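Let's take a walk through this one together, starting with a sheet and ending where two chains meet. Keep the view open and turn it as you read.

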Number of protein chains: 2
Amino acid sequence: MYNKVTPEIVDELIEIVGNKNVIYNNFDAMEAYSHDEVAEKSYAHMPDVVVKPSSAEEISKIMKLANKYKIPVTPRGAGSGLSGGAVPVEGGIVLSVEKMNKILEIDKDNLMAVVEPGVVTNEINNVIKDDGLFYAGYPMSVETCYVGGNVAENAGGGRAVKYGVTGRYIYGLEVVTPTGEILHLGGKRMKDVTGYDLIHLMVGSEGTLGIFTKIYIKLMPLPQSKVDLLVLFKDIDTAIKIVPKIMTFGRIIPTSIEFMDDLSFKTSCKYLNEKIPFEEAGAMLLIELDGNSKAELEEQYEVIGNLCMENGAIEVYIADNATTSERIWKIRRNIAEAWKQYSPDQSLEDVVVPISEIPKFMEKVRKISEKYDVPIPCYGHAGDGNIHATPVKNPKFTMEEWLDILHHKLLPELYKEVINLGGTISGEHGIGHKRREFMSMALEPAQIEVMRAIKRALDPNYILNPGKVI
Amino acid sequence: MYNKVTPEIVDELIEIVGNKNVIYNNFDAMEAYSHDEVAEKSYAHMPDVVVKPSSAEEISKIMKLANKYKIPVTPRGAGSGLSGGAVPVEGGIVLSVEKMNKILEIDKDNLMAVVEPGVVTNEINNVIKDDGLFYAGYPMSVETCYVGGNVAENAGGGRAVKYGVTGRYIYGLEVVTPTGEILHLGGKRMKDVTGYDLIHLMVGSEGTLGIFTKIYIKLMPLPQSKVDLLVLFKDIDTAIKIVPKIMTFGRIIPTSIEFMDDLSFKTSCKYLNEKIPFEEAGAMLLIELDGNSKAELEEQYEVIGNLCMENGAIEVYIADNATTSERIWKIRRNIAEAWKQYSPDQSLEDVVVPISEIPKFMEKVRKISEKYDVPIPCYGHAGDGNIHATPVKNPKFTMEEWLDILHHKLLPELYKEVINLGGTISGEHGIGHKRREFMSMALEPAQIEVMRAIKRALDPNYILNPGKVI
């Protein structure tokens, strides 16, 4: 179906991006572009060639070339994805945006940042905080991931309870389409209903509908105060049952409500060589509040603290300074990385259920874990109902047994329960390569057909990131 | 291209929705379905038949029938639209959702309302307010418009500065596609990246990509306090220059920053028989703040009040009770209606520019107004840069002269200036029928081609709301 990349095609690519921005015939240098952060090695695939363009015009030329020769193109951000979205499963060209890493503009009058896709997400807040500005995007890989990847995956993260996911902040995109057209969508205007909303069709399209070359991000005034509550519970059930109550009974929408079971936080603490007095705790909630009124925050954490203590919490710790807050959040952010170190044979899942269904979901997880004798530690964004349940290989299974159980029994069963509860199979990591075979469990045939029709309409040769999503 | 509705087809429609839900051969009853709230009579067009289905299944059957016979279908909400979106410009079937007017569920645990498309927007807040819940959508026609129409147009309104537009609150849609498939998109989950974001492709598609039959709306805890500031200025310039400063210098994101020039508020006051001490005022800002902390709101309105007084405001009135607030907002909400009464020959525009460009935009408006000797009163959502500039026929022109100036000179020039300032031709009213000929001024050919490809993919017979958007 696709053609191979020939030395002649590589010459044409060199002509477009320059010799130093092409990696070819160099296994070691290309290996890094063969995988993302998905643990399972079988998802990796080597590219034929890696190119590192510097502009929309160069990317447009690459796409036109790829169409001419029918070569697949896989766009790549930082490679911190968790669904294999940046893996060139059909070989061909990996198009890395790593050179496009400039913050082009901070427009204080319009509260807008204009950035290239290869900017590390954290950098935006580092640059704007002294101006009292704030970007709400906060994926757990914030120190390494690229904004372009955040947009491609519609990344969620730790502040979505209050601030929503990445898409909410994207007001404009320069996009190169699969056929090499350069589109300029939206901009610095706060509202726009001129034609269909192509911006939010592109957001979350996992690099299958376009490559972003310029991103307009809405900023906000930086909240003046922040406080984190670390709440310890003896078990998962007690912790998880508090989550919907904070919002419904407490009438408070915190910035974050993160959940960690004991396996998760202990693994992360071990990895970070961090000590927190948690010996008797079986689960933790990390609740962040922000706002401009210190008094209001105090009122809110009183309400939440009391709610937790009245409902079985062991202890509520308050972190109201940046150092302690960062220490706690570091534990939360490093769970995935820690798990990968200690249990490389695992499947980091990303299911989401309505908030009220989290307790029922946790019950299902426990049953599935027992049924297959597979530990399934859980952590994640409880305030969104987005739980990173992570089945981990029991050493008693051979690798073959494990993969058979995981792919043919455990995951289908887990997904089925999630869907029965009104949830879906991915909340923020995406479908990519990893969950593609399961997408038809979550979506009706007619929905998938509409998505296919859109993909066909934009990418008639099916060359942009094939093997992903649909 | 299309076929006419025959008595035989009407019989088939009666079979689907029942005799009492079909209007045919009754000019008087059908006339109401021939127009929306666009003032210009030339945009109206009579349907061949009106049907009032009660379910997704009935709508699916109607769409299949329409495809079979190649009859255009124009979906219709309350008919309160301002771009001719609900006008059956090609005749055929008008599909009114007026019978589908039930609030199906208020799910307090998940902070979610599930409603049919024919629910009047205001009704949602009326039903939920006693539970301390709140839906942020607030189009100025909130007392008459339907939620279905709000979703179709991605309605903005008076609270978008802080709360964003309709789309932000839409988490699920049941949609009948142009070919009659029933899709169930999203639901009560807070995050979902399983496949492309079809929900936000549907939102704002102006009834050209699907008909909504069930809408999942995110609710929030009702803010405990609210205060409105009515700020009088001697002229437009002084008022408008404050707008970006409130957010950048004041670091405050109010719920609303509405702008009215003297012509606008005086016309509305006259229409409502309302008196406000404004004789010397040339412009007004209506600024709303909400939150849970009364103390914080007081602090904020002090900051804003001082900022306004230091920058040339005549007077700042504080409305901190519901009655006074509603009195002020009623003036704002009724401007469009008042204008229609006093100056039926006018064109209610909906342009949007980056907030920092509003002063420059107002200058351009004044120049265009002088150049063509056409009054252009302005009001609207200044906090979003969304200004309803409204050219009104100067009595010295014949109707023919007026329409020539408006369509061939004034509007193209106004739009050109807006686009040069980084804005676009519609912020919340939509393209519809009214602005279709101008869309190519705002969008690149490649963008329009992508939109066309999507339309073709979903509606191969081009029967759903033809003549709109693209």
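Two strands count as paired here if DSSP finds at least two bridges between them. Keep in mind as well that this is a predicted model.

With that in hand, go to chain B and find strand 8 (residues 170-176) and strand 10 (residues 211-218). These two strands of chain B run antiparallel and are joined by six bridges. If you want one spot to zoom in on, take B:Val176, whose bridge partner in strand 10 of chain B is B:Ile211.

Now zoom out to the sheet that holds this pair. In chain B, five strands make an open sheet in the order 5-6-10-8-9, with antiparallel pairing. Strand 5 (103-107) and strand 9 (182-186) of chain B sit at the edges, each pairing on one side only. Going from one strand to the next, the twist averages 10°.

What packs on this sheet? Helix 3 (residues 56-69) of chain B does, touching strand 8, strand 9 and strand 10 of chain B. The direction of helix 3 makes about 50° with that of strand 8 of chain B. Then there is helix 4 (residues 121-128) of chain B, which lies across strand 5, strand 6 (112-115) and strand 10 of chain B. Helix 4 runs at about 40° to strand 5 of chain B.

Time to look at where the chains meet. The size of an interface is often given as the accessible area lost when the parts come together. For chain A and chain B that comes to about 6,100 Å², with 62% of it on carbon and sulfur atoms. On the chain A side, A:Lys191, A:Val193 and A:Tyr196 lose the most area to chain B, together 16% of what that side buries. Counted by residues, chain A brings 79 to the contact and chain B brings 79.

How many salt bridges cross the interface of chain A and chain B? The rule finds four. One to pull up on screen is A:Asp384 with B:Lys191, where the closest N and O atoms are 3.1 Å apart. Polar contacts add to the picture, with 29 residue pairs found across the interface of chain A and chain B, both residues at pLDDT 80 or more.

Which parts of chain A supply the side that touches chain B? Strand 9 (182-186), helix 7 (198-202), helix 8 (236-248), helix 15 (439-442) and helix 16 (445-458) of chain A each give at least two residues. Helix 16 of chain A has the largest share, nine residues. Sorted by class, the side of chain A that touches chain B has 34 nonpolar, 27 polar and 18 charged residues.

Methods
Residues are numbered from 1 along each chain as its sequence is written. Chains are lettered from A and ligands numbered from 1 in the order in which they are written. This is a predicted model: local features need pLDDT of at least 70, side-chain atom pairs count only at pLDDT 80 or more; totals for chains, interfaces and linings use all residues. Side-chain values use heavy atoms; hydrogens and water are left out. Contact means heavy atoms within 4.5 Å. Buried area is the accessible area (1.4 Å probe) that two parts lose on being put together, summed over both. A salt bridge is a side-chain nitrogen of Lys or Arg within 4 Å of a carboxyl oxygen of Asp or Glu. A polar contact is a pair of N or O atoms within 3.5 Å; within protein, one must be able to donate a hydrogen and the other to accept it, and residues adjacent in sequence count only if both atoms are side-chain atoms. Helices (H or I, at least four residues) and strands (E, at least two) are DSSP runs, numbered from the N terminus. Ala, Val, Leu, Ile, Met, Phe, Trp, Tyr, Cys and Pro count as nonpolar, Asp, Glu, Lys and Arg as charged, and the others, Gly among them, as polar. Axes are lines fitted to C-alpha atoms, for helices over the stretch in contact, and angles run from 0 to 180 degrees between N-to-C directions.
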